[in-house]
Structures are given as structure tokens and as C-alpha cells.
Amino acid sequence: MLDLFLRTSGTWLNVATIVAGTAVGVLAGSRLPERLSRTLMQALGLVTLFVGLGMARALDDVRAGAFPGILIAVVALAAGALAGEAVKIEE
């Protein structure tokens, strides 16, 4: 069991930070001035963009047999979009 936790510790850390961030957002989000809230969202958006671009660059090193990493990413995104639409996740 400990081995599984150690191999998936990054996932658990991600879950914990999302839960903590959600709790802070729910508790303090409505108390922040609109201007500060907008600035924080823009800063978080830039960080997310930076991380995403770094991960996209890393796809050059990924291969699954004859398929390049970018093709795998495109197929995964399309499958996720189809699944989301199928379950009407935004509704």
C-alpha cells in the first residue's frame, strides 16, 4: 500500500492542493475586492499557461510506438471533449 502511495504521491498532492484552493476560494472569494480577484485570476491564468506550454514542449520527447506525443495529446483532448459532451458535464 505504501508503495502505491509513493508512486502516486504527485497525484495525491495535486488533489490536496485543489481541495485546499477550493476551500480558500469558497471561504474568501466573495470577500475579496473585484479588482484583486480579477488580478489573482489573471496571475493564475498566466502560471497555468506557462506550465501548459512547458508540458507541451516536453511532448517532443514522448513517443508511443510510432505515434509522436503531440498526436497522443490531441487524441486524448478530443476523447475528453467527447466524453464531456456525452455526459453534458457543463450542464
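Which residue just after H4 takes a positive phi? In this predicted model, the residue is Lys88, with a phi of about 55 degrees. Most residues other than glycine have a negative phi. Lys88 has its positive value although it is not a glycine. The residue belongs to the segment after H4, and its side chain is not hidden: Lys88 is classed as exposed because its relative accessible area is 52%, and the cut-off for that class is over 50%.

The helix that precedes Lys88, H4, covers residues 69-86 and contains 18 residues. From its first C-alpha to its last, H4 reaches 26 Å, close to the 26 Å expected at 1.5 Å a residue. Confidence within the protein chain is highest in H4, where the mean pLDDT is 93, and lowest in helix H1 (residues 2-7), where the mean is 79. Over the protein chain the average pLDDT is 89, and 100% of the residues score at least 70.

Helix H4 also contributes to a nonpolar patch on the surface. The patch has an area of about 600 Å² and is made by Val62, Phe67, Ile70, Leu71, Ile72, Val74 and Val75. H4 supplies 5 residues, the largest share of this patch. Another member, Val62, is placed in the loop between helix H3 (34-58) and strand S1 (63-64). Val62 has a relative accessibility of 37% and therefore counts as partly exposed, a value that also satisfies the requirement of over 30% for patch residues.

Charge pairing was examined next. Side chains of opposite charge can pair when their charged atoms come close. The count of salt bridges comes to 1. This salt bridge joins Arg7 to Asp3, with the closest N and O atoms 3.3 Å apart, which lies within the 4 Å cut-off. Both residues lie in helix H1 and are 4 residues apart, about one turn of the helix. Arg7 is exposed, as its relative accessible area is 62%. The pair thus lies in H1, the helix in which confidence is lowest, at a mean of 79.

Helix H3 provides a further exposed position. Met55 lies in this helix and counts as exposed because its relative accessibility is 57%. Between Met55 and Ala20 there are 24 Å in space, C-alpha to C-alpha, for a separation of 35 residues in sequence.

Technical notes
Residues numbered from 1 in each chain as written. Predicted model: local features only at pLDDT ≥ 70, side-chain atom pairs only at ≥ 80, totals over all residues. Heavy atoms only, no water. Helix = DSSP H or I, 4+ residues; strand = E, 2+ residues; numbered from the N terminus. Expected span 1.5 Å × (residues − 1). Patch = residues over 30% accessible without salt bridge, like charges linked within 9 Å, V, L, I, M, F, W, Y side chains within 5 Å. Areas by Shrake-Rupley, 256 points an atom, 1.4 Å probe, with all protein chains shown as cover. Salt bridge = Lys/Arg side-chain N within 4 Å of Asp/Glu carboxyl O. Buried < 20%, exposed > 50% of the residue type's maximum accessible area, 1.4 Å probe, protein only. pLDDT = per-residue confidence, 0-100.
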